[in-house]
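Colleague: I am new to this structure and would like a close look at a single part of it. Please take me through the cysteines and what lies around them.

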Amino acid sequence: MSDDQIAVHDPHAKPATYVEADAVDRFENPGLPPHRPRRADVDEQAAKRAERQVATMFTLSILGTLGFLVCYFVVDPELRGSLLVIGEMNLYHLILGLTMAASLLFIGLGAVHWAKTLMPDTEVVEERHLQASDQESRDEAAGILSDGYRSAQLHRRPVLLLTAGGALSLFALPMALQVAGGLGPLPGDTLESTVWKRGMRLMIDPSGAPIRPEQVTQGSVIHVMPEGYVGDTHGEDAPSALEIMEAKATASVLLVKLNPEDIQSQKQLDWGVDGIVAYSKICTHVGCPVALYERQTHHLLCPCHQSTFDMTNDCEVIFGPAKRPLPQLPIMVENGYLVAADGFAEPVGPSYWERG
Ligand code: FES
């Protein structure tokens, strides 16, 4: 509408969506576009070529699956190496991932290519019919299905059937292995102990500096790691990146100085140094780092599900879903620095499995 036109409301006008019943007949049914056969439909050579391509893709999928199985059973799960850009990583997991990706990818590519080049692609019009089907209709449907089977020429393409069947049936094996044993080594007894041992110095995380008792002021919280696993971790005897990660996940400790008079447990006093106590930072619920310390109440809070531990009473659980107190690390002073008097006396971290 131009600027000098005025819109006038006509009360007798039909709504814009109104369509007269006979208007439908005024439009001609355009029908389906003419079917254009593909190359493989008219050229037997092209069909053979497409068949070979699809079979190659399924074969690559089979090789991917076999590669996965070989890697799973033969390669050392601790195999590590340096990759350009990514840096050092676990090659075992990388190979498992790549072979499984190839196994999946080539099944998908083979199926798509098969459908696009060799499966019948003629357009089909199916008229609406009553829901209930009589015996005659069922026979007809069965006839259509067998016609489809024949027109797909599956009986003429045994290589495709074989390779597709092989790819699909072998592909189930990694899944079964995954369900049976997981994609990595079982934890064994690695969850039962940490790297802490007698005489190991407590180091500030992340600087890696040792700690003198007089540095720990009342009410302060220091995040601590075992000596050798924080700060400068290079050198011949240095732990690997994986070992450092494992230590971070299991051996992290919180160091807090309490007023000795507030401490209610003799064991807690004995395992500390003048009110300085060290507790595992790994929540006994499902393993989040417990990192919030309330100075007034001496409560330690886990931010994940709000488990609360009483630092003045052996870190007992006073609220939340955790079922065990945080384990205490016994400490002492050696050459003026805080060191571990021993490892943890019990497993750290979540307690949802039987610990015996
Ligand atoms: S992980 Fe700490 S409360 Fe759930």
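Modeller: A residue counts as buried when its relative accessible area is under 20%, as exposed when it is over 50%, and as partly exposed in between. The model is predicted. C71 has 2% relative accessibility, so this residue is buried. C283 is buried as well, with a relative accessible area of 2%.

Next comes the disulfide. A search of the whole structure finds one. This bond links C288 and C304, with an S to S distance of 1.9 Å. The torsion about the S-S bond is about -90 degrees, and the disulfide is therefore left-handed. C288 sits in the loop between β6 (276–280) and β7 (292–294), while C304 sits in the loop between β8 (299–301) and β9 (308–310), so the bond ties together parts that are 16 residues apart in sequence. The two partners can be placed by the cut-offs given above. C288, at a relative accessible area of 17%, is buried, whereas C304, at 34%, is partly exposed.

Some of the strands beside these loops belong to a sheet. Four strands make up this open sheet, in the order β7-β8-β9-β10, with antiparallel pairing. The edges are β7 and β10 (316–319); each has a single partner strand, so one side of each has no neighbour in the sheet. From one strand to the next, the twist averages 35 degrees. Three bridges join β9 and β10 in the antiparallel sense, and D310 stands opposite E316 in β10.

Notes: Residues numbered from 1 in each chain as written. Predicted model: local features only at pLDDT ≥ 70, side-chain atom pairs only at ≥ 80, totals over all residues. Heavy atoms only, no water. Disulfide = S-S within 2.5 Å. Helix = DSSP H or I, 4+ residues; strand = E, 2+ residues; numbered from the N terminus. Buried < 20%, exposed > 50% of the residue type's maximum accessible area, 1.4 Å probe, protein only. Pairing = 2+ DSSP bridges. Axes fitted to C-alpha atoms, helices over the stretch in contact; angles between N-to-C directions.
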